[in-house]
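Here's a quick briefing to read with the model open in your viewer. It goes topic by topic, so feel free to click along.

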Amino acid sequence: MSGRNNTQVSSFILQGLTDSAGIRLALFTLFLLMYLITMLGNAGMILIIRLDLQLHTPMYFFLSHLSFLDLSYSTVITPKTLESLLTSAKSISRMNCFTQLYFFVFLGATECFLLSSMAYDRYVAICNPLHYPVVMSLRRCCFLILGSYLIGFLDSFVNVLCISRLHFCNSNIIQHFFCDTYPILALSCTDTHDIEVMIFIVTGTTLVVSLITISVSYVFILSTVLKTTSTSGKQKAFSTCGSHLLGVTIFYGTMIFTYLKPSKSYSLGKDQMASVFYTIVIPMLNPFIYSLRNKEVKNALCRVTQKRDGSRQLK
């Protein structure tokens, strides 16, 4: 399968993170713990937002979808990674590999534009508060969410369509722990230049357009906040936007480092570390980033808990 021939491969071998049994066991334990925290944190966030009526606002509507994306994003990558670490089962079928790649790109691109929508929501709330209920209507929010998912679908469709047309006849060993774009491109025995350009344009456009939207929104927010004379108003604005800015910085920093560069500059060690960060670590951190510094979420958690305790006492 890994020799030079003209037979299309039916499966791939994921190289993984390490060959050391001791390190694999340690990583398995660490990643399993992080995955469980990710599931509990994001599912908990969705549940609290759904159960507490005071969180039925556009900001938390977007945040619930962010939690859903993070939960799904981690589930696409982590279970297969855990299996490989525990059992050394590194084989993945061609169909499963492309399916994993499809959902990975789909969820990542969707999150980019969801973060843009969240930035726009904060812009309207701070810069145009009197018209906020009208501008950020349920219809507008649903339109932004559906638009994010649609763009993610189109990005992923183009990406996987391009890669699925390649021929893999030299090797089937993917130098990564999951099916990612550049490591798969490196296996092709056909010229990938045009496809690389196409994927770079699509990926670059997604990252740049969403990042420009976020940047412009925060330029207007900063301008409005600096004009505010009230200290409490400034603190409220910064506390509202601080969590989102932190999440955006971490997410886009790792994405740009990994994808906005030629495939030949792919580095096994550095890019794998970055991939671990945005596929496993970030989905775990987001619930904490958006809740620990957020009094509304903390208060909502208290209300939900008290309501549950009260209903038990009535029984």
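The salt-bridge count for this predicted model comes to 4, with side-chain N and O atoms required to be within 4 Å. Three of the pairs are picked out below, followed by the helices and the aromatic side chains.

**Salt bridges**

- K90 and D19 meet through their side chains, at 3.2 Å from N to O. K90 sits in the loop between α2 and β2 (91–93), while D19 is in the loop between β1 (11–14) and α1 (21–51), so this bridge ties together parts that are 71 residues apart in sequence.
- The two partners differ in cover: K90 is buried at 17% relative accessible area, whereas D19 is exposed at 59%.
- D52 and R303 make another side-chain salt bridge, at 2.9 Å from N to O. Here the loop between α1 and α2 supplies D52 and helix α10 (residues 295–314) supplies R303, so the pair links parts that are 251 residues apart in sequence.
- D52 has just 6% relative accessibility and counts as buried; R303, at 28%, is partly exposed.
- D121 pairs with R122, and their closest N and O atoms are 2.9 Å apart. Both D121 and R122 are buried.

**Helix α5 and what it packs on**

- Does the length of α5 fit or clash with 1.5 Å a residue? It fits: the 27 residues should span 39 Å, and the end C-alpha atoms are 38 Å apart.
- On the covered side of the tally, α5 has C141, L144, I145, S148, Y149, G152, D155, S156, N159, V160, C162 and I163 as buried residues.
- Those buried residues of α5 pack against four helices: α2 (58–87), α3 (94–127), α6 (181–185) and α7 (193–227).

**The nonpolar patch and its aromatic pair**

- L150, F153, L154, F157 and L161 make up a nonpolar surface patch, and together they offer about 460 Å² of accessible area.
- F153 belongs to helix α5, which covers residues 138–164. F157 lies in α5 too, 4 residues from F153, or about one turn of the helix.
- As a reminder, an α-helix has 3.6 residues a turn, so residues three or four places apart point the same way.
- The whole structure holds 15 aromatic pairs. One of them is F153 with F157, a stacked pair with 6.1 Å between centres and 25 degrees between planes.
- Stacked is the right label because 25 degrees falls under the 30 degrees cut-off.
- Each ring of this pair belongs to a partly exposed residue: F153 has a relative accessible area of 36%, and F157 has 44%. Both residues can join the patch because 36% and 44% are over the 30% required.

**An aromatic cluster**

- Which residues form one aromatic cluster? They are Y73, F104, F177, F178 and Y278.

**Helices α3 and α7**

- α3 reaches 49 Å from its first C-alpha to its last, close to the 50 Å expected for its 34 residues at 1.5 Å a residue.
- Is α3 mostly covered or mostly open? Mostly covered, since 26 of its 34 residues are buried.
- α7 should span 51 Å with its 35 residues, and its end C-alpha atoms are 50 Å apart, which agrees.
- Buried residues of α7 are I195, I199, V202, G204, T206, L207, S210, I214, S217, Y218, I221 and V225.

**Two single residues to click on**

- S64 is in helix α2 and is buried, with a relative accessible area of 15%. Leaving out residues up to four places away in sequence, S64 touches I46 and I49.
- V134 is in helix α4, residues 132–135. V134 counts as exposed, at 64% relative accessibility.
- How far apart are the C-alpha atoms of V134 and Y120? They are separated by 14 Å, with the two residues 14 places apart along the chain.

Terms used:
Residues are numbered from 1 along each chain as its sequence is written. This is a predicted model: local features need pLDDT of at least 70, side-chain atom pairs count only at pLDDT 80 or more; totals for chains, interfaces and linings use all residues. Side-chain values use heavy atoms; hydrogens and water are left out. Patches are made of residues with over 30% relative accessible area and no salt bridge: like charges are joined within 9 Å, nonpolar side chains (Val, Leu, Ile, Met, Phe, Trp, Tyr) within 5 Å. Accessible areas come from the Shrake-Rupley method with a 1.4 Å probe; for residues, only the protein chains shown count as cover. Helices (H or I, at least four residues) and strands (E, at least two) are DSSP runs, numbered from the N terminus. The expected span of a helix is 1.5 Å times one less than its number of residues. Buried means under 20% relative accessible area, exposed over 50%, partly exposed in between (1.4 Å probe, protein chains only). Contact means heavy atoms within 4.5 Å. Rings of Phe, Tyr and Trp (its six-membered ring) pair if their centres lie within 6.5 Å; planes under 30 degrees apart count as stacked, over 60 as edge-to-face and the rest as tilted.
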